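Please follow this explanation with the coordinates open, moving from one element to the next as each is introduced.

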Amino acid sequence: MTMEEQERAAVIAGVVIAGGQGERLGDGPAKALRPIGQSTLGARATRILMRVLGGGPTLYSTDPDIDLPEGVPTGVEVVDDPFPDQGPLAGITASLESLVGRADRLVVIPCDMPLLHPAVLRRLMTVEAEDRVITIGRPDGPPGPFPSVWPVSLTGQALAIFSGGERSPTRAMQEIGMEILPRDLLLDDVETTLSDPDLIGLDDVDDAQDMEAIQRSAPRVRLLLEGRRSATTAWDLGSIAQTLSLPNPADSGWVVNGRPVGWDPELPLVERDAVSIL
């Protein structure tokens, strides 16, 4: 590695893997298009990912036959899954390939972890490695592929493994080499401990029962309205406006974590966010 490469800040990209049809959720659209709050699983995941990337490329990998959720922001790059219905490894490898020469690392998350907290992703991203995939341990089995961080320099290896017939991301990660971040080490991070001490954000939505449960588990946020502080639960700004029965929320001033934002009903909120309505 040259001195210039060492001095250059790493470019971190991210991708939401959203190619699943979600048959186990019952009748309805593909999993990424299922509603959560005033948004959808796919749009929420994309915007949560964007909170931690710092302007790096944001990708959305999906089956080309699945519509893109309306709430996915302009500028997100859509990567068509070249092998639909063959699992997420196809979307991961296609995303890596599209980033060669443009990014150094790729943060991979699924569309079906709606409680995934940015603090967990930030902690995962602090582990730097050029020759292995970084992932998080599970309490009840081998580590899964989500969330994980893949060096773009491993694109050739990942493509070769996929071309050789492998379809399991976990087995591909094992073959490439991976570092497992223990769950208890995540909680060494103060922000993670405060925001998700039980790491429930790492639970995915697998079936209709999971979806029903997650709908009742909106993040707790702090609210400042007319000088009064309170707490509420909300998936997004639209959920707060609905709870408060605001007649014209677009006419109010909205501030999230000290930053003014325009009215956007799908703007996602996470645990411990602070929302002011002016």
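**Strands, a helix pair and a second sheet**

In this predicted model, Val15 has Val108 of β6 as its bridge partner. That pair belongs to a longer register, since β1 and strand β6 (residues 105-110) are joined by 6 bridges and run in the parallel sense. β1 also pairs with strand β4 (residues 58-62), again parallel, through 4 bridges, and here Gly14 has Thr58 in β4 as its bridge partner. As background, the strands of a sheet pair through backbone hydrogen bonds, in either a parallel or an antiparallel sense.

How many of the 6 residues of strand β1 (residues 12-17) are buried? The count is 6 of the 6, and the strand is therefore largely enclosed by the rest of the structure. Both faces share in this: Ile12, Gly14 and Val16 point one way from β1, while Ala13, Val15 and Ile17 point the other way, and all are buried.

The loop between β1 and β2 (35-36) holds Glu23, and this residue is exposed, because its relative accessible area of 64% lies over the 50% cut-off. Between Glu23 and Ile240 there are 30 Å in space, taken from C-alpha to C-alpha, and the two are 217 residues apart in sequence.

Turning to the helices, two packed helices are described by the angle between their axes and the distance between the axes. Helix α2 (residues 41-53) packs with helix α4 (residues 118-125) at an angle of about 50 degrees, and their axes are 9 Å apart. An angle under 35 degrees would count as roughly parallel and one from 65 to 115 as roughly perpendicular, so α2 and α4 are oblique to each other. The crossing of α2 and α4 is right-handed. On the α2 side the contact is made by Ile48, Leu49, Arg51 and Val52, which meet Pro118, Leu121, Arg122 and Met125 of α4. Sorted by class, this contact of α2 with α4 has 6 nonpolar and 2 charged residues, and no polar ones.

Further along the chain, 5 strands form an open sheet of mixed pairing, in the order β11-β10-β14-β12-β13. Its edge strands are β11 (228-233) and β13 (259-261), each of which pairs on one side only, and from one strand to the next the twist averages 30 degrees. Within this sheet, strand β10 (residues 220-225) pairs with β11 in the antiparallel sense over 6 bridges, and Leu225 stands opposite Arg228 in β11.

Terms used. Residues numbered from 1 in each chain as written. Predicted model: local features only at pLDDT ≥ 70, side-chain atom pairs only at ≥ 80, totals over all residues. Heavy atoms only, no water. Axes fitted to C-alpha atoms, helices over the stretch in contact; angles between N-to-C directions. Helix = DSSP H or I, 4+ residues; strand = E, 2+ residues; numbered from the N terminus. Parallel < 35°, antiparallel > 145°, perpendicular 65-115°, else oblique. Left-handed = near helix turned anticlockwise from the far one by under 90°. Contact = heavy atoms within 4.5 Å. Nonpolar A, V, L, I, M, F, W, Y, C, P; charged D, E, K, R; others polar. Buried < 20%, exposed > 50% of the residue type's maximum accessible area, 1.4 Å probe, protein only. Pairing = 2+ DSSP bridges.
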